Amino acid sequence: MKKIGYFRQGGEVNIGNAFIDIGALVSISEAIKDKEDYLEPAQVSLFPVFSEALANVKRISPLLRPFWRKFGKFIGRDLLDRGYKLIKVSDKFNLPIVLEMDYFVIAGNALTVLFSRVAHKLLCKLKERGVKIIFYGCGGTTYSDFEINIVKRMLKEIKPYALITRDSIAFQEYGNLAEYSFDGIDAAFFVNKLQFKLFKLNLPPYVVLVFDKPQSRRIEKALEKELKERYLIIKACHTPIPYFFSDPVADKSKFVSNSPYDYLSLYAHAEEVHGDRVHACIVALAFGKRCRLYGKTVRVALFEKICTGDLTSETVLPKGNIDKLQEKQISFLSHILE
């Protein structure tokens, strides 16, 4: 029997990561459903190596925080990425190293400086064992020259078996560095294959506001004032664990859960979703709902195949082609899983 290991990101810190996991695992299950010689994916975490890396960052962050608050918006993300070179790469025991598998699938924000720095050594060890590495629905953070050079260095060394990108920028930059490549979509766009729409909510028409960044509070208040005459307003938080520990008195206006399925049910039946969270908008579009993303980010590129317009400047609907994009991506994945 052939075995697939899947890098589980988890949604404890950011519920959007769980949407990626759910969509990726649905995709893999669809791709192997007619293959009798495959087991369902085994989910494994890279938490041991990431936790040590983040602990190293935490040790120096109190010294850097005052500087970053004052000058961060001027020096930008590129300098932050360069700082990741200071992270000590961990040799901690972790399950992917010892798990018997034929393929290792990684989804999400993996074509980045941070992921390259933390996971490079582990991926090289898997490559030495003959494990075929598949990047599934992956993309970058900034696509700066620095990020692209770091990611290319990693990909050239590990020589991934397949690279399925979540936006065309990543495909153009890295598509020639894998044995098989595909210009695809984010894994979270596959969450609509789960039947959340069949379970109705006993609520009046409502919109969901998902603003987790402090600088978005003014936007959130303005939207609440604008929409409350027409809709019930539900405000959701995508950071369950940090929220529970950072707020001694729970904010009753916020919806917070440690289950991504609760959020999926909520978004599946909303009239609209507004927020500064990319994956809240992805899920809304996957369920055919209107949404708008507030704030400029290069990750808006992952919506280009899906949206009717620019979701950073207006409320948009999906084009209606998600089913076809899903079918093509699953077909490609099924083909490369020999």
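**Notebook: helix 7 and strand 3**

I looked up helix 7 (residues 217–227; helices being DSSP runs of H or I of at least four residues, strands runs of E of at least two, numbered from the N terminus) and found its buried residues to be Glu220, Leu223 and Leu227, buried meaning under 20% relative accessible area and exposed over 50%, with partly exposed in between, for a 1.4 Å probe and protein chains only. Viewed down the axis of helix 7, these buried residues fall within an arc of 65° (taken from the directions from the helix axis to the C-beta atoms), so they line one face of the helix. On the other side of helix 7 I noted Arg217, Arg218, Lys221, Lys225 and Glu226 as exposed.

I keep in mind that this is a predicted model, in which local features need pLDDT of at least 70 and side-chain atom pairs count only at pLDDT 80 or more, while totals for chains, interfaces and linings use all residues. Residues are numbered from 1 along each chain as its sequence is written, and side-chain values use heavy atoms, with hydrogens and water left out.

I then asked what the buried residues of helix 7 pack against, and found strand 7 (206–210), strand 8 (232–236), strand 9 (254–255) and strand 10 (272–275), contact meaning heavy atoms within 4.5 Å.

Turning to strand 3 (residues 103–108), I found six of its six residues buried, so strand 3 is largely enclosed by the rest of the structure. Strand 3 runs parallel to strand 1 (residues 4–7), joined by three bridges (pairing requires at least two DSSP bridges), and Gly5 stands opposite Phe104. Strand 3 also pairs in the parallel sense with strand 4 (residues 132–138) over six bridges, where Tyr103 stands opposite Lys132.
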